[in-house]
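I opened my notebook and pulled up the chain. These are my entries on what I looked up.

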Amino acid sequence: MNRLILIGNGFDLAHGLKTSYKDFIFWYLDECFKRAGIYANSQPHEDEFLHISVLEHYKLADLYNLSGQKGLSKYLYEQGLLEPYLSFDPNKQYGAKSNIEKYSKVSGLTAHRVSYKSLFFKRLTDACLECGWVDIEQEYFDALKKYNDGNKAHDLDYLRRINKDFEFLKSKLEEYLTTEDGSGIEIHNKLLSALISDFKTDDFDTLLDKESLIQGQLWDITNERNNDKAYVLNFNYTNTFKTYLDAIYEHKRYLSVKENHIHGQLNNPDNPIIFGFGDEHDTAYTQFEEQRNNDLFAHIKSYFYMQTPNYRNLIRFLNEGHFQVLVIGHSCGLSDRTMFKEVFDHENCKSVKIYHYTDDSGKNDFFDKTINLGRHFSDKGRMRKLIVEFNPADAIPQKCGEQIFNIP
């Protein structure tokens, strides 16, 4: 029995990397404010998304001093003032009762005027509190679908603007993640234990048919541990998992271990990052294919998979033999539906085990992940047989703890 290990952004977060959407937005906004300057002779900052003019440089300098190491954007966010600060216009009257207090407070802080040049980016910023990486890709696809809606129908300028905005976002994302590349992280005991864990018979019972029992598959699952192959499907762009890969080799748990950076790696021209949308089963995608406009596919993942052997290597592993899937830190959202249907609908997939975490509010993400996974199964009955039930022991950290695994 082989094992397919899905690694998502939650794995990086568990090690203290600031790879959430909010962290990226905080960094980007701070960079823009810095470029606009805190000195009297500074020039306005302008890029694809924003135009920032500093009105009172000393106020901006005071705010930076007040924010300390957190940075200006995160400081304002924690004060509940980030959104009004970004949209504050000293020449505008704010009449909404719910906003009067916030805008009144911001009026004493404001040091600049922000003009959004991109409606796409403004929507992403407005969604900062809830948005994740998958949501950004979904937002892009939703914006793309408007190319066929109402007054946007077949608007080539609109389409090219959306693609240009997304390309700029992608470049800034890679620039930011380079500062959070995951090199030199410490191994967490709980995570490594999950990666090298033995198979459990109960995870497979409902799929062990009579023929499998005759062929001795039950014996293979529980006893032939050193004949297992592990395939790590890493959706992150960072190098966080490399330390774990070395540790897995040291433990000799598997006959072989291979890692596939399916969406590319930071600053690697031979495996450039893939960031876009990947749901060929969406009804809008079919409509795109019926039109003679290749710009509609400028950031569709399926066509970028053909730039490297990564996707075909995944298919080769799926075809090698029966496998169990471990989901660690991945939301399994729709932006990767094309690939996930390939995995979960595959006849060799015999079990899906979810490692879950509980956030600061006390909410466990196991239920949401089962819903997300369900969208990738053509046969819902088979889905209920494959997904292993909730087990408190399968909890993993969201932030790295102090316990470190010592490699023997």
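**A charge over a ring**

I began with Lys-122. Its charged end sits over the ring of Tyr-116, 5.5 Å from the ring centre. I noted that this is a predicted model. I then found Arg-3 over the face of Phe-199, at 4.3 Å from the ring centre.

**Strand E1**

Arg-3 led me to strand E1, residues 2–7. Is E1 mostly covered or mostly open? I found six of its six residues buried. I recalled that side chains in a regular strand alternate between the two faces of the sheet. I checked each side of E1 in turn. Asn-2, Leu-4 and Leu-6 are buried on one side. Arg-3, Ile-5 and Ile-7 are buried on the other. Both faces of E1 are covered.

Next I looked up the partners. E1 runs parallel to strand E7 (residues 323–328), and six bridges join them. Ile-5 stands opposite Leu-326 in E7. E1 also pairs with strand E5 (residues 229–234), again in the parallel sense, over five bridges. There the bridge partner of Arg-3 is Ala-230.

**Aromatic pairs**

How many aromatic pairs are there? The count comes to 29. I reminded myself that a pair is described by the distance of the ring centres and the angle of the planes.

I took Phe-11 and Tyr-244 as one case. Their ring centres are 5.1 Å apart. Their planes stand at 70 degrees, which is over the 60 needed, so I wrote down edge-to-face. Phe-11 is in helix H1 (residues 9–13) and Tyr-244 is in helix H13 (residues 241–251). They are 233 residues apart, so the pair links distant parts of the chain. Both Phe-11 and Tyr-244 are buried.

I then went back to Phe-199. It forms an edge-to-face pair with Phe-204, with 5.7 Å between centres and 80 degrees between planes. Phe-199 and Phe-204 are both buried. I also listed one aromatic cluster: Phe-141, Phe-277, Tyr-285, Phe-288, Phe-297 and Tyr-303.

**The cores**

I recalled that nonpolar side chains tend to be buried together in soluble globular proteins. Which residues have the most contacts inside the largest nonpolar core? They are Tyr-28, Phe-33, Leu-50 and Leu-169, in a core of 59 residues. Helix H2 (residues 21–36) gives the most to this core, with 10 residues. Another core lies apart from it. That one has 29 residues, among them Ile-262, Cys-332, Ile-354 and Phe-377.

I looked closer at Tyr-28, which is in helix H2. Its relative accessible area is 1%, under the 20% cut-off, so Tyr-28 counts as buried. Leaving aside neighbours within four places in sequence, I found Tyr-28 in contact with residues including Leu-50, Phe-121 and Lys-172. Tyr-28 and Lys-172 are 144 residues apart in sequence. In space they are 7.7 Å apart, C-alpha to C-alpha.

Phe-33 came next. With neighbours within four places again left out, its contacts include Ile-52, Leu-60, Tyr-85 and Val-114.

**The whole chain**

I closed with the totals. The chain has 19 helices and eight strands. Buried residues make up 51% of its 408 residues. Among contacts between residues at least 6 apart in sequence, 77% join residues at least 24 apart. The accessible surface comes to about 19,800 Å², and 48% of it belongs to carbon and sulfur atoms.

Note on methods
Residues numbered from 1 in each chain as written. Heavy atoms only, no water. Helix = DSSP H or I, 4+ residues; strand = E, 2+ residues; numbered from the N terminus. Buried < 20%, exposed > 50% of the residue type's maximum accessible area, 1.4 Å probe, protein only. Contact = heavy atoms within 4.5 Å. Areas by Shrake-Rupley, 256 points an atom, 1.4 Å probe, with all protein chains shown as cover. Core = buried A, V, L, I, M, F, W, Y, C linked by side-chain atoms within 4.5 Å. Phe/Tyr/Trp six-rings, centres within 6.5 Å; stacked < 30°, edge-to-face > 60°. Lys NZ or Arg CZ within 6 Å of the ring centre and 35° of its normal. Pairing = 2+ DSSP bridges.
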